[in-house]
Amino acid sequence: MALLQISEPGMSTEPHQHRLAVGIDLGTTNSLVATVRNGVALCLQDEDGRMLLSSVVQYLADGQIVVGRKAQAAQAVDPRNTIVSVKRFMGRGLKDVSHVETMPYDFVDAEGMVRLRTVQGVKSPVQVSAEILKDLRVRAERSLGGELTGAVITVPAYFDDAQRQATKDAARLSGLNVLRLLNEPTAAAIAYGLENASEGIYAVYDLGGGTFDISVLRLSRGVFEVVATNGDASLGGDDFDHRLFCWMLDNAGISLPSDRDARRLLMKAREVKERLSLDETVPVRMTLESGDEVDLSIDRSVFVDITRPLVAKTLKPVKKALRDAGLEPDQVKGVVMVGGATRMPHVQQAVGEFFGQTPLTNLDPDTVVAIGAAMQANVLAGNRATEDEWLLLDVIPLSLGIETMGGLVEKIIPRNATIPTARAQDFTTFKDGQTAMSFHVVQGERELVSACRSLARFELRGIPPMVAGAARIRVTFQVDADGLLSVAAREQTTGVEARVEVKPSYGLADHEIADMLKAGFDNARDDMELRGLREQQVEAERVVEATERALAADAMLLNETEREALDAAITALRTAAQGQDARAIKIQLEAFNRASNEFASRRMDKSIREALAGHRIDDLRI
Amino acid sequence: MLDLKQDFFALFGLPVGFSVDMDRLEQAYLDIQGKVHPDRFAHLPDADKRLSMQWATHANEAFRTLKSPLARGQYLLELKGIDPAFETNTAMSPAFLMEQMEWREALGEAREAADEEVLEDLARRIRHSNRSLIEQLAVQLDEQGDLEAAADTVRRLKFLEKLQHEINDALTALES
């Protein structure tokens, strides 16, 4: 547990069974894939030797889909069908997206999440993101020479439930098994902390292309504990480009550029912004399709002036996170800078002034998140011996609650609660004889429902008629280790139950995912079935392998009869897995899970007892 | 067998009582999370994953409860069958009600003044008052076994916690 170095390759208990696992940084501007090879985490390159994949997807009239640099180059020619910064639309309605007016897309304001009409039809941001992920999956499989066991996908720490669910859906759609959604600043902290054997309170300031996160962590002896997190899910380098873009329009006297010219000006703005990190003065020259000439020059001081409000905007979440953590800026031992936008000198300077210390910029801000994600993927895939693993304790960024009378929010899980977590709250009926109750699940810090994000609505029916206030309806919120919420409601006196996985209003429904998966195949039916069969077979193999390993270690927890029953269940599952019937395997898997549940519980029990054996003084009073 | 219904003290191998060795609590918590956390089970079958999530959730809840003096005091009272009844005023002592009014007035004035220093000063006074109430609660629970008095102290602490939240919100509002 106390391991903080990575110089020594982590040895798996069975090294020959190294599972191929990757970390993916699905960024607003660029995306990367990384893995751990021979104990070292590295980013994988494409065939041209590039690590960064531009997060740009172009839909062509002939049905082709282009991802990355080629699509990036096409954006000025074919802006409508070339989607950039799609991350800004994930889990978002049209009204939530800023600068819509300067975006060259044909938006469709669908229920929940905005969609984009392209030459290949209406696309959801989930589908567009899935194309980026698919490109990275193929790159990884080619580079590693095999099918991936799974992937850790990073998300901004400040992403809400809808945005996380959309990201997970995109990964599923791209054919990836998601081991975990990992918060970007946390991933960076893993990479930084392991590399530098850091101990103490650290802040990660992560300003990406479209999102801003601040996380405060306590690092100690192999434990990464997030104390508080905050941020702004729609503030990033793109906004600095946009300020520059507006400055260029103003100073060149252009009022309404065409979509294509707007794209070219935005690309120019980004280029100028990047050069201003190095040079004091940068010329801005270009000829637009309209014939307008831009011939300007900008000083860094002007750029600093026009973007000062944006930098100041990042410091508010920083203050909030510190207040939630109960810390003063000078108690922070180091500030790790992450995200390409932290290359801007005035950002570094503002952060340095706030914390009273020079921020840490010795890690590549572009790759550190993917590297940390790869390290975590390696752990989650089971490639390291348990005693070498670190422990990661992350939190939920925004409070979760239920709408009550008068449009107010009753918070059930507060922000910064360590996940996984569950909380329950009792509600009661408002009228005599009321037999149904509708629930509205929201996320956010404000007291008014209208100021929070609506996540889901569901109903509990069949409440026995009672006088108002007599029924006891217990609503339980469970947030898993991915930060995803599920909600259940139960009438306490009769046990009437309603359960909902929170995703309907902003995510995609299951059938939509299934339809999209189908659409991705030429021989939809056959391929779907083959894929389903393969998935069940892999799961069966995994279950058998894990159980046999567990039996090798803990066989004494079972008596002879129990052992025989479990062995029989293994044999039955093996036999089914050799067949070609996905449904039969699924049925055997379920039967097996029931048969092995008791064994799993006893092993968990044993390991908890072992964990406490070292310092337990009193006997367990059970 | 260990089960999810056992009390939080038993989970961490600690004696039941208000005074808790914080280092021991934290170490026990980390040791247990080290064994049950979902990250340890990500490559295992669904049955193990489910079990892991339940245990890790339970450990988080237990740690959260025992770490905070207010939550711990309230939990101890619950274990002994006492409901602090936060919602009903009937159980509250006149002294407590008087104190509530005074604090409310102070908060109202500080908010009115929109003065960061006044708010910070009020926060300091509340922290001070909080500390002495916690010391009092320790005596009431661990030495005197006076549960009714302890319930009154827990109610006061709960009220101060709400005030602290409101001050934080007011400070945040000042900044934006």
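**Exercise 1. Strand β1 of chain A**

Which residues of β1(A) are buried on one side, and which on the other? Work from the predicted model.

*Solution.*
Step 1. Split the strand by face. A:Ala21, A:Gly23 and A:Asp25 lie on one side. A:Val22, A:Ile24 and A:Leu26 lie on the other. Both sets are buried, so both faces of β1(A) are covered.
Step 2. Check the split against the general rule. In a regular strand the side chains alternate between the two faces of the sheet.
Step 3. Count. Of the 6 residues in β1(A), residues 21-26, 6 are buried, so the rest of the structure largely encloses this strand.

**Exercise 2. The neighbours of β1(A)**

Find the strands that pair with β1(A), and give the direction of each pairing.

*Solution.*
Step 1. Take β11(A), residues 150-155. This strand runs parallel to β1(A), and 5 bridges join the two. One bridge pair is A:Ile24 with A:Ile153.
Step 2. Take β2(A), residues 30-37. Here the pairing with β1(A) is antiparallel, again through 5 bridges. A:Gly23 faces A:Ala34 of β2(A).
Step 3. Add the connection. β1(A) passes into β2(A) by a hairpin of 3 residues.

**Exercise 3. The largest nonpolar core**

Which residues touch the most other members of the largest nonpolar core?

*Solution.*
Step 1. List them. The core has 192 residues, and the ones touching the most other members are A:Val22, A:Ile24, A:Ala151, A:Ala188, A:Ala373, A:Ala374 and A:Ala377.
Step 2. Find the main contributor. Helix α9(A), residues 368-380, gives the most to this core, with 10 residues.
Step 3. Follow one residue. Leaving out residues up to four places away in sequence, A:Ala374 touches A:Val22, A:Gly23, A:Ala34, A:Thr35, A:Val36 and A:Ala41.
Step 4. Link back to Exercise 1. A:Val22 and A:Gly23 are buried residues of β1(A).

**Exercise 4. A sheet of 3 strands**

What is the strand order in the open sheet of 3 strands in chain A?

*Solution.*
Step 1. The order is β8-β9-β10, with antiparallel pairing.
Step 2. Mark the edges. β8(A), residues 107-108, and β10(A), residues 121-123, each pair on one side only.
Step 3. Inspect one pair. β8(A) meets β9(A), residues 115-118, over 2 bridges in the antiparallel sense. Opposite A:Val108 stands A:Arg115 of β9(A).

**Exercise 5. Confidence in chain A**

Where does pLDDT stay under 50 in chain A?

*Solution.*
Step 1. Start with the whole chain. Its mean pLDDT is 87, and 90% of the residues reach 70 or more.
Step 2. Locate the weak stretches. Residues 1-16 of chain A stay under 50, with 30 contacts beyond four places in sequence in the model. Residues 616-622 of chain A are also below 50, and have 9 contacts beyond near neighbours in sequence.
Step 3. Apply the caution. Where pLDDT is low, the predicted coordinates should not be read in detail.

**Exercise 6. The build of chain B**

How many helices and how many strands are there in chain B? Then set its radius of gyration against that of a compact globule.

*Solution.*
Step 1. There are 7 helices and 0 strands. Along the sequence the pattern is α-α-α-α-α-α-α.
Step 2. Compare the radii. Chain B has 20 Å, whereas a compact globule of 176 residues would have a value near 16 Å.
Step 3. Add the extents. The C-alpha trace spans about 60 × 45 × 30 Å along its principal axes.
Step 4. Add burial and contacts. Of the 176 residues, 34% are buried. Among contacts with a separation of 6 or more, 63% join residues 24 or more positions apart.

**Exercise 7. Two helices of chain B**

Is α5(B) largely in the open or enclosed? Contrast it with the buried residues of α4(B).

*Solution.*
Step 1. Take α5(B), residues 94-113. Its 20 residues reach 29 Å from first C-alpha to last, close to the expected 28 Å.
Step 2. Count burial. The number buried is 1 of 20, so α5(B) lies largely in the open.
Step 3. Turn to α4(B), residues 69-79. Buried here are B:Arg72, B:Gly73, B:Gln74, B:Tyr75, B:Leu76 and B:Leu77. The buried residues of α4(B) pack against α1, α3, α6 and α7 of chain B.
Step 4. Look past the ends. B:Ala114 follows α5(B) with a positive phi near 50°. B:Gly81 follows α4(B), and its phi is positive, near 80°.

**Exercise 8. Where the chains meet**

Which helix gives the most to the side of chain B that touches chain A?

*Solution.*
Step 1. Size the contact: 37 residues of chain B are in contact with 42 of chain A.
Step 2. Name the helices. α2, α3 and α7 of chain B each supply at least two residues of that side.
Step 3. Pick the main one. α2(B) gives the most, with 10 residues.

How values were computed. Residues numbered from 1 in each chain as written. Chains lettered and ligands numbered in written order. Helix = DSSP H or I, 4+ residues; strand = E, 2+ residues; numbered from the N terminus. Expected span 1.5 Å × (residues − 1). Buried ≥ 20, exposed ≤ 12 C-beta atoms within 10 Å, placed from the backbone. Rg over C-alpha atoms; globule rule 2.2 N^0.38 Å. Contact = placed C-beta atoms within 7 Å. Core = buried A, V, L, I, M, F, W, Y, C linked by C-beta atoms within 7 Å. pLDDT = per-residue confidence, 0-100. Pairing = 2+ DSSP bridges.
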